[in-house]
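Biologist: I am new to this protein and would like to take a close look at a single part of it before moving outward. Here is the entry I have open.

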Amino acid sequence: MLSVELHTHSSLSHDGRDPVDHLLEQAQSVGLDALAVTDHDEIDASLDAVEKAPSYGLIGIPGMEITSAAGHVLAFGIREAIPAGLPFEATLDRIHDQGGIAVVPHPFQASRHGVAPHVTGPALASADAIEVYNSRLLTGRANRKAERFAATHDLPMTAGSDAHIAEMVGQAITEVDADEPTAAAILEAIAAGRTSVVGRRTPWHISFRQAAGGAKRRMMRALGDLL
């Protein structure tokens, strides 16, 4: 089994703080086998992480978190950015066109751009997997709802730290029964449902700090664009 972190953000995300190297260092220090950097509507840092990962003893998985018209979708195994704002189904089609897999993160957390309030059940079930444990939670109700949905529809399940600072990489991991230690084998195993999830709640004060830091960085970048 490989320990895989599937949901992290670098400083390329509008609300991320740290460079790719810091994320890789943390992944190495907590004993992960593989890491995906999934920036909001950006892919360059993820591709950089894929190139650097072997130097840290890690497998790099290319990916991004796409803001579809319905909400967020994680894309893995792609090499070209998929534009934001497309309909949910079209976003999945674009991911599949590149040979990637589509995982829906925090689907029942409307405040965090979960897609469930805006798509039908069959549409949500057309994803390749559902993130059933997101470590940035308050009560865990949305995670439990996601797990029930995935189980009812026989969908593969994943976990993700949704780390916006390096220290939180590894809070929630997906254990993957891959045939070999490669990104392609990991994604194939996820799509086949050979996964289990292990997660710890991100401490509330760190979630607050991540959110506040993200808001500050967004404001500074907006000011920079104006100047």
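Biologist: Is Asp 162 buried or exposed, and at what relative accessibility? Please start from that residue and then lead me through the rest.

Modeller: Please keep in mind throughout that this is a predicted model. Asp 162 counts as buried, because its relative accessibility is 2%, and the cut-off for that word is a value under 20%. Asp 162 also has a charged partner, for it forms a salt bridge with Arg 112, in which the closest N and O atoms are 2.1 Å apart. As for where the two partners sit, Asp 162 belongs to the loop between strand 8 (157–160) and strand 9 (172–176), while Arg 112 belongs to the loop between strand 6 (101–104) and helix 4, so the pair ties together parts that are 50 residues apart in sequence. Arg 112, too, counts as buried, at 17% relative accessibility. In general, side chains of opposite charge can pair when their charged atoms come close.

The loop that holds Arg 112, between strand 6 and helix 4, is also the place of His 106. His 106 is a residue other than glycine with a positive phi, near 30°, and His 106 is buried, with a relative accessible area of 3%. On the other side of helix 4 (121–124), in the loop that leads to strand 7 (129–134), one finds Ser 126, which counts as partly exposed because its relative accessibility is 38%. Leaving aside the neighbours within four places in sequence, Ser 126 is in contact with Phe 88 and Leu 92. The C-alpha atoms of Ser 126 and Val 103 are separated by 9.9 Å, and these two residues are 23 apart along the chain.

The salt bridge we began with can be set beside others, for the count comes to six salt bridges. One of them joins Asp 21 to Lys 52, with the closest N and O atoms 2.9 Å apart. This pair links distant parts of the chain, since Asp 21 is in helix 1 (residues 20–29) and Lys 52 is in helix 2 (residues 44–52), 31 residues apart. Asp 21 is partly exposed, with a relative accessible area of 24%, and Lys 52 is partly exposed as well, with a relative accessible area of 27%. Lys 52 also meets the side chain of Asp 48 in a salt bridge, at 3.2 Å from N to O. Asp 48 and Lys 52 both lie in helix 2, four residues apart, which is about one turn of the helix, and Asp 48 counts as partly exposed at 30% relative accessibility. Elsewhere, Arg 17, Asp 18 and Glu 167 are linked in a network of salt bridges.

Just ahead of helix 2, in the loop that comes after strand 2 (34–37), lies Asp 41. Asp 41 has a positive phi of about 55° although it is not a glycine, and Asp 41 counts as partly exposed, at 28% relative accessibility. A positive phi appears again at Gly 193, which follows helix 6 and has a value near 85°. Within helix 6 (residues 183–191), the buried residues are Ala 183, Ala 185, Ile 186, Leu 187, Ala 189 and Ile 190.

At the start of the chain, Ser 3 lies in strand 1 (residues 2–8), and Ser 3 counts as buried at 17% relative accessibility. Apart from neighbours within four places in sequence, Ser 3 is in contact with Leu 32, Asp 33, Ala 34, Ile 173 and Thr 174.

On the surface, Arg 141, Arg 144, Lys 145, Arg 148 and Arg 201 gather in a patch of positive charge. Arg 148, one of these, lies in helix 5 (residues 141–152) and counts as exposed, at 51% relative accessibility.

These details belong to a protein with seven helices and 10 strands. Of its 227 residues, 54% count as buried, and about 9900 Å² is exposed, with carbon and sulfur atoms supplying 54% of that area. Among the contacts with a separation of 6 or more, 67% are accounted for by residues 24 or more positions apart.

Key:
Residues numbered from 1 in each chain as written. Predicted model: local features only at pLDDT ≥ 70, side-chain atom pairs only at ≥ 80, totals over all residues. Heavy atoms only, no water. Helix = DSSP H or I, 4+ residues; strand = E, 2+ residues; numbered from the N terminus. Buried < 20%, exposed > 50% of the residue type's maximum accessible area, 1.4 Å probe, protein only. Contact = heavy atoms within 4.5 Å. Areas by Shrake-Rupley, 256 points an atom, 1.4 Å probe, with all protein chains shown as cover. Patch = residues over 30% accessible without salt bridge, like charges linked within 9 Å, V, L, I, M, F, W, Y side chains within 5 Å. Salt bridge = Lys/Arg side-chain N within 4 Å of Asp/Glu carboxyl O. Lys, Arg positive; Asp, Glu negative; His and termini not counted. Charge placed at Lys NZ, Arg CZ, Asp CG, Glu CD.
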